[in-house]
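This briefing sets out computed features of one protein model, grouped by topic.

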Amino acid sequence: MLKGKELDALIEQRGVLKGLNSTLGITAITMTVFFILYAILLGKTASDQFLGIKSWIESTLGWYYVLVMFSTFVVCLYVMCSRVGKIRLGRDDERPEFSNFAWFSMLFGCGTGAGMLFFSMSEPMIHFASDWSGGNPFLSADIKAAVAVFFEAKQAALASGLMPGDEGFPVPDSRVAEAAAGGIKLTVFHWGTIAWAMYAIVGLSLAYFAFRKGLPLSMRSALYPLIGNRIYGPIGHTVDILTVFGTIFGIATTLGLGVEQIGSGLMSLGLIEEKSRMVTVVSILLISAIATLSATSGVARGIKLLSTFNTWVCLGILAYFLLVSDANYLIASSITALGDYLTDGVSMTLWTARTPDERIWQGGWTIFYWGWWIAWAGFVGMFIARISRGRTIREFILGVMVIPSIVALVWFGVIGSAGIYQSLYGADMGIYTAAVTNWDYAGTLYHSFEVLTPGIAATVAKVAALLVVIIFFVTSADSGTLVLGRLLAFGRRPPVQQRIIWGMMLGAVTLILLLLGGDQALKSLQAASIAGALPFTFVLIAMMIGLLKSLREDGESMIENEEHIRKMIENEVRDLS
């Protein structure tokens, strides 16, 4: 294990690479610049190649992504419930740096916050009512047919002048209600415990080896039980470079979704007429500049304050939907989704597509999400580790897996159910049209404000949602520059210079992906996350093996210590008697 001065010798002290390991820095910058130039020079050809890689992974390796995600979930459960769960991530006398509320806020804001807003209403609606590529695979053909018949009948009734409550106006039956519950359940599945198990296992590995074992806060440290000091050589460099590769595309996917939703919000407020390339470029430049300024304030002052503020705004958005929609329906729908998920979660996790239509559906949804979570895990895991020093392993896993999953349940249960309720029982089909007919992921939420509360209330809600997206964008980019800098510097905090450089790099990659995708920007982002995740899966598997090996050794030491203490107590009792 290298000591501080030995690690300092591996870090550049001047020049462009100041604060980074030269090998890692040159490799990462070269890789990123090559991607940017390749995409610019080849244009449509590069876009087609990226989409081809995405299609190949979906059709060939979907099962592999499923098993990787399930494995992280199983390992997390095992570690949390085992004897080693009471080990503290740090010294035995250390306590958490952040309060629980601040910790949860940062988990939410820098984990999946931006994406949760993007898909908040559109995804439950699509899983409920869309028949794309066969539709929700967990609903029977009879239920899907009943949903299609209901909406055809409702549109015909509205066209004839009938209104909800009038005689002859269609009323949803039990099959339609089951489809609505299935839409919420599937959405919660994508954003719930399985996703956060991925973040938990990466974050735990980083925090455990850095704060407990004194190794660098870097991915390579998890391999120390397997290869020892060779983590500082070519093998360790490869691990960190693969992590950087996945992290760049994972962050770019999240930032890209944020830019799309910012454009939709500006359109909804009437500030722009349409989303154009100019709007995309300006949005990325401005928000990246704000994120770079935020990066100079440090994690405690910058991200903590923004994340806490954003949490309160999100709570306000949830309160809005509870007030303007049918609160009883939203609460009942959320509770039903919880029960359905607890009942079917394992089988849904292991479900793997077998037919061409199923592969297309799973690739467009579940494999995209699994790829995004895997690629995003290096970033989120590093950040979670950084803010979790002093917590026990059991507390860490429970907090990271359960609390954000409950947040996802409430978020999608309330907002998604509000869209479904309006589509089922309201007189305006606008939300259904935006989500199911037009697949307007980013715009559906803004459109719902107009449907539910036309006028000034809708404008206020739109501004609040737009503000949330911008802050999520800033916190993600801010944290991203910190994480990438640490990955290239053996876990050391990078200087401001490097955070500025990587802030520019992330903005450039995001911009390239969006411009390459054109009208199909989401597909371009999906391709980036799925492809970027594949190399990191090998790192992830090695991390789990190294973590389990080291924890097993600690567990054996705990047993020996407990046995020694037990014998001492027995001897004392014997002497006294």
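Cys76 is buried, with a relative accessible area of 1%; buried means under 20% relative accessible area, exposed over 50%, and partly exposed in between, with a 1.4 Å probe and protein chains only. The model is predicted, so local features need pLDDT of at least 70 and side-chain atom pairs count only at pLDDT 80 or more, while totals for chains, interfaces and linings use all residues. Residues are numbered from 1 along each chain as its sequence is written, and side-chain values use heavy atoms, with hydrogens and water left out.

**Cysteines**

- Cys76 forms no bond with Cys81 because the sulfur of Cys81, although the closest cysteine sulfur, is 11 Å from that of Cys76, which is too far.
- Cys81 is likewise in no disulfide, a disulfide being a pair of cysteine sulfur atoms within 2.5 Å.
- With a relative accessibility of 62%, Cys81 counts as exposed.
- Across the whole structure, the search finds zero disulfides.

**Confidence**

- The mean pLDDT of the protein chain is 87, and 91% of the residues score at least 70; pLDDT is the predictor's confidence in each residue, from 0 to 100.
- Among the elements of the chain, helix α9 (residues 174-191) has the highest mean pLDDT, 96, and helix α1 (residues 4-8) the lowest, 69.
- Helices (H or I, at least four residues) and strands (E, at least two) are DSSP runs numbered from the N terminus.
- Where pLDDT is low, the predicted coordinates should not be read in detail.

**Nonpolar core**

- The largest nonpolar core has 189 residues; such a core is a set of buried Ala, Val, Leu, Ile, Met, Phe, Trp, Tyr and Cys residues joined through side-chain atoms within 4.5 Å.
- Helix α16 (residues 356-386) supplies the largest share of this core, 18 residues.
- The residues with the most contacts inside the core are Tyr65, Phe119, Phe128, Phe321 and Trp373.
- Beyond its neighbours within four places in sequence, Phe119 is in contact (heavy atoms within 4.5 Å) with Pro124, Trp191, Leu257, Trp365, Phe368, Tyr369, Trp372, Phe412 and Tyr441.

**Helix α10 and its end**

- Of the 20 residues of helix α10 (residues 193-212), 19 are buried.
- Gly214, just after α10, takes a positive phi of about 75°.

**Residues in helices α13, α14 and α15**

- Thr280 lies in helix α13 (residues 277-295) and is buried, at 12% relative accessible area.
- Leaving aside neighbours within four places in sequence, the contacts of Thr280 are Val259, Leu511 and Leu514.
- Leu322 belongs to helix α14 (residues 299-324) and is partly exposed, at 30% relative accessible area.
- The C-alpha atom of Leu322 is 8.2 Å from that of Ala418, 96 residues apart along the chain.
- Ser334 is found in helix α15 (residues 327-350) and is buried, at 11% relative accessible area.
- Val414 is in contact with Leu322 and also with Ser334.

**Cavities**

- There are three cavities of 30 Å³ or more; on a 1 Å grid over the protein atoms alone, a cavity is a set of points where a 1.4 Å probe fits but cannot get out, and lining residues have an atom within 4 Å of a point.
- The largest cavity holds about 50 Å³ of space.
- Its lining includes Leu255, Ser288, Phe473 and Gly503.
- Helices α13, α20 (456-487) and α21 (496-517) each give two or more residues to this lining.

Notes
On a 1 Å grid over the protein atoms alone, a cavity is a set of points where a 1.4 Å probe fits but cannot get out, and a pocket is an open set with protein on both sides within 12 Å along at least five of seven lines; lining residues have an atom within 4 Å of a point. Grid points are joined across faces, edges and corners, and a volume is the space filled by probe spheres set on the points.
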